[in-house]
Amino acid sequence: MSSASGTISGNDSRKRLRDLLPNLHLGSWKPGPLNSLTDVPGVLVHTQEIFADDGAVNTGVTSILPRRDWFYKACYAGIFSFNGSGEMTGSHWINETGLLHSPVVVTNSFAVGAAYQGIYEYTIKSQGVAKGQVDWFLLPVVAETFDGYLNDLTQFAVKPEHIIKGLESVSSDRVREGNVGGGTGMICHYFKGGTGSSSRVVEGFDTKGEPKTYTVGVLVQANYGRPQHFRIAGVPVGRILAQEADEAAESNPAIKIAREALEKEKNRKDGSIIVIIATDAPLHPTQLQRLAKRATVGVSRVGGYGHNPSGDIFLAFSTGNEIPVQSISMERRAVDPFKPTPITADLIDDSSINGLFEATADATEESIYNALCMAESMTGNQGHKIDALPLERVKEIMEKYI
């Protein structure tokens, strides 16, 4: 078993959608400098891949820290489940308190346990324990999608040490995309899917009425969808490509058999999409839940319907306020739990939130495009092969519309 991680590789054959189609309109808000989740100040990400020499294992881990000091300074957060055939641990506590004070790990369906343990092991290592006892409270946040067509899940390739490595290696670099991190073995609209990211910058004001910009960053693990539903900026690219693939299958039995096998698998387990949304706009938990709902707009634009076996779960958090946590333990008592004590927080006026809604939808949409455009063809478990989105053909189709 081998693993890989690092910075963006220089594969000239794959490119992000904006590089492929520079004249394409992708919303009114401009992207951040990296056009990535890490455009949100303080948010840190790492991706690593895990492979087996025989090709059976193709999986990985995406590790996210909401801020460097996540342990003592929680973020307000909100969750929305578009369709709940999936898992995001820690969601009950987020719904209960509106607080995120855990790393976020996104991986495959059978790695949730290892990732959960890995977050605990990392926290013990980084925060320590008091007199041989855990003296703090943490519910790890782990999300998953199913990569069982290209990855042999029975090998349980993801281990707690992968999580520790990922969380110790996070950075503010642009998120790597395609067959990377938790998205390594994922499939999107029957093409090779995976990890994608994007961001938007929204002009607004600070609490003193002075001009200020806020950033919305999105990361997706895209593993959902039917080919005929895939659209780019409203253009039925997937339907055109599906018709061409049907014609090719009629004259090539091998292609026909492969397509039928994939169709059977996707009918059984459609996939899923996890969307992680970060912003430095100071939003409260209800506003962040509303922000998470807007990811649905981006998913639907690309062609997602939230089918019954799909786990489409979206998490939004804000770094705009620092909420103290770990205030009470066996050794520490910063507040009296029976004496209500106020804290102060900046909050965005609901009447001025529309730009952030639009930014979330647009960045989610583009993140999925980037996952598809950057992903490469993969032959995986049992010789199953998934082709990458044919970028030159996509460009030919799209140039008729833009």
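Buried means under 20% relative accessible area, exposed over 50% and partly exposed in between, with a 1.4 Å probe and protein chains only. E366 is a good place to try this out: at 1% relative accessibility, E366 counts as buried.

## About the model

This is a predicted model, in which local features need pLDDT of at least 70 and side-chain atom pairs count only at pLDDT 80 or more, while totals for chains, interfaces and linings use all residues. Residues are numbered from 1 along each chain as its sequence is written, and side-chain values use heavy atoms, with hydrogens and water left out.

## Nonpolar cores and helix α8

Let's start on the inside. A nonpolar core here is a set of buried Ala, Val, Leu, Ile, Met, Phe, Trp, Tyr and Cys residues joined through side-chain atoms within 4.5 Å. The largest one has 53 residues, and those with the most contacts inside it are L17, I232, V237, I273, L356, I368 and L389. Helix α8, residues 354–374, gives the most to this core, with nine residues. Helices (H or I, at least four residues) and strands (E, at least two) are DSSP runs, numbered from the N terminus. Apart from the largest core lies another of 24 residues, among them V61, V105, V158 and I163.

Which residues does V237 touch, not counting residues up to four places away in sequence? Taking contact as heavy atoms within 4.5 Å, V237 touches F230, R231, I232, V394, I397 and M398. Helix α8 also holds D362, which counts as buried because its relative accessibility is 7%. With the same sequence cut-off of four places, D362 touches L26, G27, S28, W29, R200 and R301.

## Strand β3 and its neighbours

Strand β3 (residues 58–65) has eight of its eight residues buried, so it is largely enclosed by the rest of the structure. In a regular strand the side chains alternate between the two faces of the sheet. Both faces of β3 are covered: N58, G60, T62 and I64 are buried on one side, and T59, V61, S63 and L65 on the other.

Two strands pair if DSSP finds at least two bridges between them. Strand β2 (residues 44–51) runs antiparallel to β3 and is joined to it by eight bridges, with E49 facing its bridge partner G60 in β3. The two strands form a hairpin with six residues between them, and G55 in the turn has a positive phi of about 85°. Strand β6 (residues 104–108) also pairs with β3 in the antiparallel sense, over three bridges; here T62 stands opposite V106.

## The six-stranded sheet

An open sheet of six strands follows the order β5-β4-β13-β12-β11-β10, with mixed pairing. Its edge strands, β5 (99–100) and β10 (194–205), each pair on one side only.

Strand β11 (residues 211–223) has ten of its 13 residues buried, so it is largely enclosed by the rest of the structure. Twelve bridges join β10 to β11 in an antiparallel arrangement, and S197 has L219 as its bridge partner in β11. Five residues separate these strands in their hairpin, where G209 takes a positive phi near 85°. Strand β12 (residues 271–279) pairs with β11 over eight antiparallel bridges; V220 is matched with V275, and A222 stands opposite I273.

## Salt bridges

How many salt bridges does a search of the whole structure find? There are 15, where a salt bridge is a side-chain nitrogen of Lys or Arg within 4 Å of a carboxyl oxygen of Asp or Glu. R18 and E366 form one at 2.7 Å, N to O. This pair links distant parts of the chain, with R18 in helix α1 (residues 17–20) and E366 in helix α8, 348 residues apart. R18 is partly exposed at 28% relative accessibility.

The side chains of R176 and E49 meet in another salt bridge, at 3.0 Å, N to O. R176 lies in the loop between α4 (160–168) and β8 (187–188) and E49 in strand β2, so the pair ties together parts 127 residues apart in sequence. R176 counts as buried at 13% relative accessibility, and E49 is buried with a relative accessible area of 3%.
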